[in-house]
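Q: Could you choose a single part of this structure and take me through it closely, from its charged side chains to its buried ones? I would like one connected account rather than a list.

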Amino acid sequence: MLYRVIGKKRLYPLIAKGEYSAENTYAPVAEKYPEVQSVKEDEKRHGDTVLALLRETEGNAPSGKAILAGVGVVLTAAAILCLKKSRNKIKTI
């Protein structure tokens with residue numbers, strides 16, 4: 001839905017920023033719990049993938065691959081919003 005409302009040129013950078021921010025959030029946790037390191041690395045990879053997808057599809061009609069990736073991006077955005085809401089609830093408890 002966000003994809004249709006604000007478009008990929010605005011949405012993808014926001015998602016990438018969230019992924020890179022999550023990488024920084026996981027850093028202190030990964031120091032204490034090494035098994036979280038792979039999750040931290042995934043966040044950077046996700047941000048890089050989203051930005052690459054934006055560059056790949058800029059000015060072109062979306063390919064099937066781009067459409068599937070776009071669905072993944074929207075789901076990632078929804079997950080980020082849910083996590084932010086969860087964090088706010090945890091902080092207020």
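**A close look at helix α3**

A: R45 forms a salt bridge with D42, and the closest N and O atoms of the pair are 3.1 Å apart. The model is a predicted one, so this distance, like every other value here, is a computed one. The positions of the two residues fit the pairing, because R45 and D42 lie 3 residues apart in helix α3, which covers residues 37–57, and that spacing separates them by about one helical turn. In general, an α-helix has 3.6 residues a turn, so residues three or four places apart point the same way. Neither partner is buried: R45 is partly exposed, with a relative accessible area of 46%, and D42 is partly exposed as well, at 29%.

A second pair can be described in similar terms. K44 forms a salt bridge with D48, where the closest N and O atoms are 2.8 Å apart. Both K44 and D48 belong to helix α3, and they are 4 residues apart, again about one turn of the helix. K44 is partly exposed, with a relative accessible area of 38%, and D48 is partly exposed, with a value of 32%. Taken with the pair R45 and D42, this agrees with the count, which comes to 2 salt bridges when a nitrogen–oxygen cut-off of 4 Å is applied.

The geometry of the helix itself can be checked as well. At 1.5 Å a residue, the 21 residues of α3 should span 30 Å, and the end C-alpha atoms are 31 Å apart, which agrees with that expectation. Within α3, the buried residues are K40, E43, G47, V50, L53, L54 and T57. These residues cover an arc of only 145° around the axis, so they lie on the same side of α3.

E43, in helix α3, carries a charged side chain yet counts as buried, because its relative accessibility is 11%, which falls under the 20% limit. Apart from its neighbours within four places in sequence, E43 is in contact with E19, A22, E23 and Y26. Y26 appears again at Q37, a residue of helix α3: the C-alpha atoms of Q37 and Y26 are separated by 7.8 Å, although the two residues are 11 apart along the chain. Q37 counts as partly exposed, at 28% relative accessibility.

Three of the buried residues of α3, namely V50, L53 and L54, also take part in the largest nonpolar core, which has 7 residues in all and is completed by L11, Y12, I15 and A16. Helices α2 (8–32) and α3 each supply at least two residues of this core, and the largest share, 4 residues, comes from α2. In soluble globular proteins, nonpolar side chains tend to be buried together.

Set against the whole protein chain, α3 is one of 4 helices, and there are 0 strands; from the N terminus on, the elements run α-α-α-α. Buried residues make up 25% of the 93 residues in the protein chain. Of the contacts with a separation of 6 or more, 60% come from residues 24 or more positions apart. The accessible surface of the protein chain comes to about 6,700 Å², and 62% of this belongs to carbon and sulfur atoms.

Methods: Residues numbered from 1 in each chain as written. Predicted model: local features only at pLDDT ≥ 70, side-chain atom pairs only at ≥ 80, totals over all residues. Heavy atoms only, no water. Salt bridge = Lys/Arg side-chain N within 4 Å of Asp/Glu carboxyl O. Buried < 20%, exposed > 50% of the residue type's maximum accessible area, 1.4 Å probe, protein only. Core = buried A, V, L, I, M, F, W, Y, C linked by side-chain atoms within 4.5 Å. Contact = heavy atoms within 4.5 Å. Areas by Shrake-Rupley, 256 points an atom, 1.4 Å probe, with all protein chains shown as cover. Expected span 1.5 Å × (residues − 1). Arc of directions from axis to C-beta.
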